[in-house]
Amino acid sequence: MSTTDFSEQRMVSMLKQELAKALEQPYALATAIAKLENAYYPDQVEGYIMEAARTLSAQLRGAGPSNVVVDFPSRVGDAGPRDSGAAAAQELILATLREREASVRELQITLEDHGIDVSPGNLSVILSRMTQARAIQRTGRGLYKYQG
């Protein structure tokens, strides 16, 4: 093994340690968000982190984010730039909640039944943003209804 190889390996090791250390703060922030939303689940915390990483990555590449809500319209009829996967998920969520109140799990199953692949973390982000936009209302722990 040459000196250069050893130096590069050491640098990679040091960078990996720095990356792990840098991820401690996003994990703490994602945990706090999940707890404040009364929906703390390890996969949801991981979903928040992955969503933030995907969004940042897309911004750095100059592309739109993948499978996330972007500028959810302030009113349901408004147009706004949205990712097609997230838009399809939002429309199905709205259609479901217009009919009845539903739990996060029921919404996840409905999306899966319609072939829309949204992770639990991404679904939580979509629901949170739809709630902030006042398109839907959170009625209890993990329960939502249409706010029309």
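The paragraphs below lead through this structure, from the whole chain to its sheet, its salt bridge and a patch on its surface. The model is predicted, and the residue numbers used here start from 1 along the chain.

The protein chain contains 6 helices and 3 strands, and if we follow the chain from the N terminus, these elements come in the order α-α-α-α-β-α-α-β-β. Of its 148 residues, 32% count as buried, while the surface that the chain exposes amounts to about 9400 Å², with carbon and sulfur atoms supplying 54% of that area. If we take the contacts with a separation of 6 or more, 42% of them are made by residues that stand 24 or more positions apart.

We can turn next to the strands. How are the 3 strands ordered in the sheet? They form an open sheet with the order β1-β3-β2, and the pairing is antiparallel. At the edges lie β1 (102-103) and β2 (136-140), each of which pairs on one side only. Between β2 and β3, the latter made of residues 143-146, the antiparallel pairing runs over 4 bridges, and within this part of the sheet glycine 140 stands opposite leucine 143 of β3. A helix also belongs to this picture, for α6 (residues 120-132) packs on the sheet and touches both β2 and β3, its direction making about 110° with that of β2.

The charged side chains offer another feature to look for. In general, side chains of opposite charge can pair when their charged atoms come close. A search of the whole structure finds 1 salt bridge, and in the model the side chains of arginine 100 and glutamate 106 meet in a salt bridge, with 3.7 Å from N to O. Is arginine 100 buried, exposed or partly exposed? Arginine 100 counts as partly exposed because its relative accessibility is 37%, a value that falls between the limits of 20% for buried and 50% for exposed. Glutamate 106 is likewise partly exposed, because its relative accessible area is 35%.

Finally, we can look at a nonpolar part of the surface. Which residues form the nonpolar patch? Met11, Met14 and Leu15 form this patch on the surface, and together they have about 290 Å² of accessible area. One of them, leucine 15, lies in helix α1, which spans residues 3-22. Because its relative accessibility is 53%, leucine 15 counts as exposed, the limit for that class being over 50%.

Technical notes
Predicted model: local features only at pLDDT ≥ 70, side-chain atom pairs only at ≥ 80, totals over all residues. Heavy atoms only, no water. Patch = residues over 30% accessible without salt bridge, like charges linked within 9 Å, V, L, I, M, F, W, Y side chains within 5 Å. Areas by Shrake-Rupley, 256 points an atom, 1.4 Å probe, with all protein chains shown as cover. Salt bridge = Lys/Arg side-chain N within 4 Å of Asp/Glu carboxyl O. Helix = DSSP H or I, 4+ residues; strand = E, 2+ residues; numbered from the N terminus. Buried < 20%, exposed > 50% of the residue type's maximum accessible area, 1.4 Å probe, protein only. Pairing = 2+ DSSP bridges. Contact = heavy atoms within 4.5 Å. Axes fitted to C-alpha atoms, helices over the stretch in contact; angles between N-to-C directions.
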